[in-house]
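Reader: I am new to this structure and would like to get to know one part of it well. Please choose a part, look at it closely, and then show me how it sits among the rest.

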Amino acid sequence: MDKASKLMLSLPKELDAVLITSPENRLYFTGFSGDGVLLLTRNPFYFFAASQSYGAAGKSIRDMILLPLEEGLSALPEICEKYSVQRIAVEAESLPVARLKRLRGRYPQVEFLVDDRVDALIAKLRKRKTDYELDCIRAAQKITEAAFTKTLRSLKPTETERQLAAKLEYELRLLSGERNFVSVSRTNGGSSAGNGKKSSAGDMFKGDVITFHLETSVKGYSCHMVRTLSVGNPPEELRLACDALLSVWSVLLKTIRPGTFCGQIEKDCRELLEQRGYSPTFLRIVGHGIGAARREPPFFAPDSREELESGMVFFLSMALFVPGFGRVEIGDTLQVTETGCASLCTYPKGLVPETGSGVPNAASKNQED
């Protein structure tokens with residue numbers, strides 16, 4: 001059964017239709033990321049496509065009546081009369097009050113209702129990813145890793161953070177990545193690296209530590225990945241911090257499973273790192289769901305009692321700050337399975353780059369001591 005039909009079967013009987021305007025929910029129910037308005041009645045489903053999206057919508061959307069946006073909105077009273085639609089639910093969380101007022105003023109014969117139950121039904125459906133959604137997320141992950149690998153292989157010591165970010169963005173676009181986000185930040189590994197000062201141009205020297213934040217999407221569904229790599233021989237303090245993070249990460253992947261509270265994950269991370277001698281005050285954890293939106297529930301707040309469910313996909317990152325030496329951060333897109341948790345990322349998480357990555361390290365012959 002398609003997603004829209006599942007929603008309508010669960011819709012409270014006193015509601016006759018649902019009007020969906022948010023980009024995330026439009027994408028979820030139609031598989032189409034272009035502009036438009038979705039009207040789900042008890043009988044047919046309508047998609048009113050914006051003029052610039054109409055041609056693409058016709059190629060992508062199936063089992064829905066497609067109309068140009070203005071034509072569809074003008075025909076709304078006729079549609080409502082034909083299918084006995086009197087009460088239309090709108091998205092409580094994403095429809096601006098001003099737009100709701102305009103709808104009520106333009107169509108006084110129809111009652112537009114803000115009903116939290118509809119938002120809850122949609123959120124419940126979106127929690128568990130379908131095979132199609134998982135395929136899109138996996139494809140986005142594959143693009144991310146390919147772009148990252150290619151960029152590192154051509155990395156030059158004279159490149160700045162901005163140049164690196166531009167190269168990564170270019171590679172992601174070249175591989176058909178959508179809604180790309182790239183952040184590259186660099187810190188010096190501290191005095192123990194013993195590699196001198198940076199040039200005024202901001203190029204890289206041995207002892208630098210670079211953190212990459214990467215996001216890309218395929219057909220609207222995204223993946224996130226964070227890696228910290230060293231240029232040259234990293235100081236022992238950062239090596240130990242990275243080892244501690246990797247150890248905690250390994251434990252978490254073995255313990256996360258359906259039924260795990262989102263808030264418990266952060267609590268466990270802090271306790272495990274504290275056992276390894278690191279103050280929890282220097283740890284930053286980010287966790288949230290991934291799907292039709294780049295960031296969606298569940299959110300891993302410390303007090304969250306929401307439980308993970310099989311089929312959920314989420315992003316989790318841990319950053320450990322080492323005073324005087326910068327930070328080490330790792331982050332992956334993860335899938336909750338029936339029995340546990342699996343990472344969708346295959347790129348290594350170590351601080352020292354893999355041989356052949358192109359990043360100068362302690363063993364690089366072309367890197368001056």
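Author: What follows is a close look at helix α9 and a residue of strand β7 that touches it, and then a walk through other parts of the chain.

First, a word on how to read everything below. This is a predicted model, in which local features need pLDDT of at least 70 and side-chain atom pairs count only at pLDDT 80 or more, while totals for chains, interfaces and linings use all residues. Residues are numbered from 1 along each chain as its sequence is written, and side-chain values use heavy atoms, with hydrogens and water left out.

Let us begin with helix α9, which covers residues 161–174. Helices (H or I, at least four residues) and strands (E, at least two) are DSSP runs, numbered from the N terminus. Within α9, E169 and R173 are four residues apart, about one turn of the helix. In an α-helix there are 3.6 residues a turn, so residues three or four places apart point the same way. E169 and R173 form a salt bridge, with their closest N and O atoms 2.7 Å apart; the term means a side-chain nitrogen of Lys or Arg within 4 Å of a carboxyl oxygen of Asp or Glu. R173 counts as exposed because its relative accessibility is 58%. The scale has three steps: buried is under 20% relative accessible area, exposed is over 50%, and partly exposed is in between, using a 1.4 Å probe and protein chains only.

L174 also belongs to α9. Together with Y170 and L175, L174 makes a nonpolar surface patch with about 300 Å² of accessible area. Such patches take residues with over 30% relative accessible area and no salt bridge, joining nonpolar side chains (Val, Leu, Ile, Met, Phe, Trp, Tyr) within 5 Å and like charges within 9 Å. The areas come from the Shrake-Rupley method with a 1.4 Å probe, and for residues only the protein chains shown count as cover.

Now meet N180, in strand β7 (residues 178–188). Setting aside neighbours within four places in sequence, N180 is in contact (heavy atoms within 4.5 Å) with E169, L172, R173, E215, T216 and S217. So both partners of the α9 salt bridge, E169 and R173, touch N180, and N180 counts as buried because its relative accessibility is 17%. The side chain of N180 makes a polar contact of 2.4 Å with that of T216, and a polar atom of the N180 side chain lies 3.4 Å from the backbone oxygen of G177. A polar contact is a pair of N or O atoms within 3.5 Å; within protein, one must be able to donate a hydrogen and the other to accept it, and residues adjacent in sequence count only if both atoms are side-chain atoms.

Let us step back to the whole chain. The protein chain has 11 helices and 14 strands, and 52% of its 369 residues are buried. Its accessible surface comes to about 17400 Å², of which 51% belongs to carbon and sulfur atoms.

In soluble globular proteins, nonpolar side chains tend to be buried together. Here the largest nonpolar core has 54 residues, and V184, L40 and F212 are among those with the most contacts inside it. A core is a set of buried Ala, Val, Leu, Ile, Met, Phe, Trp, Tyr and Cys residues joined through side-chain atoms within 4.5 Å. Helix α8 (residues 131–153) supplies the largest share of this core, eight residues. A second, separate core of 33 residues includes A244, C269, Y278 and L283.

The E169–R173 pair sits within one helix, but the search of the whole structure finds 24 salt bridges, including pairs that reach across the chain. E296 and R126 meet at 2.5 Å, N to O, linking strand β11 with helix α7 (residues 116–127) across 170 residues. R227 and D332 meet at 2.9 Å, N to O, joining strand β9 (residues 221–230) to strand β13 (residues 326–336), 105 residues apart. R227 and D332 are both buried. Lastly, salt bridges with shared partners tie K127, R128, E306 and E309 into one network.
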